[in-house]
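The following paragraphs lead through one protein model, moving from single residues to helix packing and then to aromatic contacts. Please keep the sequence and the structure in view while reading.

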Amino acid sequence: MRSPVKRIAIIGGGPAGSMAAERLALAGVRVTLFEEKGAWEKPCGGGVPYKALHRYPFLLEASEEHACIHDVELVAANGSTARVRLRQPLLIYSRLVLNRLLLRRAQEAGAEIVQARIRSFRREGRGWRIEIRRRKSQDEDPVRSGRPLSMATSLPPSDFENSPGEPPHPTAYGGHPLPQGGEGCGPDCFHARAANLVHIEDYSADYLIMSAGARSQLRSLLASALGPRDFMLTFGYYVPAVDRLLRVQFFEGFEGYAWSFPRTDHLDLGICGKMGESDMAGLRERLHGFIRRFGYQAKSGAVFSHLLPALSVESWNTLRICGNGWALVGDAAGLVDPVSGEGIYFAMRSGELLAEALLDGEPESYPERVWQDFGKSLALGARLSRYFYHEDFLGKPSTTRLVEFSARSRTFQELLQDLLDGLQPYDGLGRRLYRTLGKTLWEVAAGGMREQLSSVRGQLSVETDSGGRGRKPAVDLTENWRLTTDS
């Protein structure tokens, strides 16, 4: 490696941080990844598109549990539906499972995984000094433990207190003797126990990678904070059920959608809406309507809610994802599709692109690599998002036209397939729509005519059977139309 960067610290062990750690460690770089919660669940649909499977085939080949989805149903605000059979499968991972898989790969590549809370970091000379806080006796593997979030982010009271009726062991709490003084030893006793449980360590690094999320306070020490318009608010339930249909419903005048993502043993039922345009009560009302309409049972489900990055046009114009000795990746950099909310592929790819820039000795080239690879398409998505969710197309909401065209036009369905697979970027979408619009409209009109003629044929059949047995229409209108349109 031509770069003087020899020691790299990564804060955050999600897909972006883990991918960067794996790629750098495989090249022989000394990498330390700090992840406070180890492998943990995150409120996220967990959908992995074909584009990610094509670039990272281990996701498809992994033995870890995941759902393989082939059918998607789109639902418009007016009730129209379209069922799409995917050419390529969509994988849905629990984020606990996916994070554990990616952390393990980073660890096996040679990265050091440290389960600890970052207290602070600061510039020191040409490098960084990182101060962490962690328990002295950490007997669990942070990659494989998968402990509940509440156990990973704080020290539980049981670590400071003895079980009822049990005297303190003289060498408990990391092997240090406890203060004497009996049952009522007072506050000094408590603080001494806490101090023995937790200790502070310092790490040094030449380069710092931030992968701790878009709202982390640590992120704000490197780059300006994102505003409310740069997020979507999400709300939903994890419901015990088995299904193989992914369903998405749009709403009129609403920048967002409701979803049902099937996982291996439960459904992720949720909704997202742009901050400033929707509040929690509004999200809950729309989601409950979606749940009632399709008969989902959410009463026994665990509740989730979080903020999803969806950068505004203004933020894309001023976005800064690297500086002197540091870089942001994944959600921390806001690299999420502003229209669909998909971020797993962009997180993994940004970690990979940063690793390549560092290995080439050109860390300053990272923003341009992101821009050319997918950044300019996401920035255009920020412009398209409002048109997609709020504007009309041919007299109806754009989302309704999306559903109707998908139901009746093979040409448009092929376009939709490429969008779902991640193979159609936004910066070429307008040209493709314009080029295929005539054929799409013809197929939509033909499909609508077929539906009307099929209805007429069914009505004539009913009338013949009920009022005039033996009478048949002189011409099979549906068959005649089929011959005309197929030729």
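**A walk through the model**

Arg 122 has a relative accessible area of 42%, and because this value falls between the limits of 20% for buried and 50% for exposed, the residue is classed as partly exposed. In this predicted model, Arg 122 belongs to strand β7, which covers residues 117-124. When residues up to four places away in sequence are set aside, Arg 122 touches Gly 127, Trp 128 and Arg 129. A further distance can be given to a residue 99 positions away along the chain, namely Leu 221, whose C-alpha atom is separated from that of Arg 122 by 9.2 Å.

For the setting of such a residue, the protein as a whole may be considered. The protein has 15 helices and 19 strands, and of its 487 residues 52% are buried. If one takes the contacts between residues at least 6 apart in sequence, 72% of them join residues that are at least 24 apart.

Is Lys 274 buried or exposed? Its relative accessibility is 6%, and since buried means under 20%, Lys 274 counts as buried. Lys 274 lies in strand β14, made up of residues 266-274. Apart from its neighbours within four places in sequence, Lys 274 is in contact with Arg 229, Phe 231, Met 232, Glu 255 and Ala 310. For one of these, Phe 231, the separation along the chain from Lys 274 is 43 residues, while the C-alpha atoms of the two are 6.4 Å apart.

Arg 284, by contrast with the lysine just described, is placed in a helix, α8, which spans residues 280-294. With a relative accessibility of 34%, Arg 284 counts as partly exposed, because partly exposed covers the range between 20% and 50%. Its charged end sits over the ring of Phe 235, at 5.1 Å from the ring centre. Arg 284 is also 8.1 Å from Ile 271, C-alpha to C-alpha, with their positions 13 residues apart in sequence. Another arginine, Arg 286, lies over the face of Phe 251, where the distance to the ring centre is 5.8 Å.

The packing of helices can be followed in two places. Helix α1, residues 15-26, packs against helix α10, residues 344-359, at an angle of about 35° and with the axes 7 Å apart; the crossing of α1 and α10 is right-handed. From α1, the residues Pro 15, Ala 16, Met 19, Ala 20, Arg 23 and Leu 24 take part, and they meet Ala 347, Met 348, Ser 350, Gly 351, Glu 352, Ala 355, Leu 358 and Leu 359 of α10. Sorted by class, this contact of α1 with α10 comprises 10 nonpolar, two polar and two charged residues.

In the second place, helix α12, residues 398-408, and α13 pack at an angle of about 115°, their axes being 6 Å apart, and the crossing of α12 and α13 is left-handed. Here Leu 402, Phe 405, Ser 406 and Arg 408 in α12 meet Arg 410, Phe 412, Gln 413 and Leu 416 in α13. The contact of α12 with α13 has four nonpolar, two polar and two charged residues. Helix α13, residues 410-421, also holds Thr 411. Thr 411 has a relative accessibility of 12% and, as this is under 20%, counts as buried. Beyond its neighbours within four places in sequence, Thr 411 is in contact with Thr 436, Lys 439, Thr 440 and Glu 443.

The aromatic rings form a further theme, with a count of 20 aromatic pairs. Among them is the pair of Phe 34 and Tyr 203, which is edge-to-face, with 5.0 Å centre to centre and 85° between the planes. This pair links distant parts of the chain, for Phe 34 is in strand β2 (residues 30-34) and Tyr 203 in strand β9 (residues 198-205), 169 residues apart. Both Phe 34 and Tyr 203 are buried. Elsewhere, ring pairs link Phe 250, Tyr 257, Trp 259, Phe 261, Phe 388 and Tyr 389 into a cluster.

A last point concerns the backbone. Most residues other than glycine have a negative phi. Leu 394, although it is not a glycine, has a positive phi of about 55°, and this leucine lies in the loop between β18 (392-393) and β19 (396-397).

Terms used:
Residues are numbered from 1 along each chain as its sequence is written. This is a predicted model: local features need pLDDT of at least 70, side-chain atom pairs count only at pLDDT 80 or more; totals for chains, interfaces and linings use all residues. Side-chain values use heavy atoms; hydrogens and water are left out. Axes are lines fitted to C-alpha atoms, for helices over the stretch in contact, and angles run from 0 to 180 degrees between N-to-C directions. Helices (H or I, at least four residues) and strands (E, at least two) are DSSP runs, numbered from the N terminus. A crossing is left-handed if the near helix is turned anticlockwise from the far one by less than a right angle, and right-handed if clockwise. Contact means heavy atoms within 4.5 Å. Ala, Val, Leu, Ile, Met, Phe, Trp, Tyr, Cys and Pro count as nonpolar, Asp, Glu, Lys and Arg as charged, and the others, Gly among them, as polar. Rings of Phe, Tyr and Trp (its six-membered ring) pair if their centres lie within 6.5 Å; planes under 30 degrees apart count as stacked, over 60 as edge-to-face and the rest as tilted. Buried means under 20% relative accessible area, exposed over 50%, partly exposed in between (1.4 Å probe, protein chains only). A charge sits over a ring if NZ of Lys or CZ of Arg is within 6 Å of the ring centre and within 35 degrees of the ring normal.
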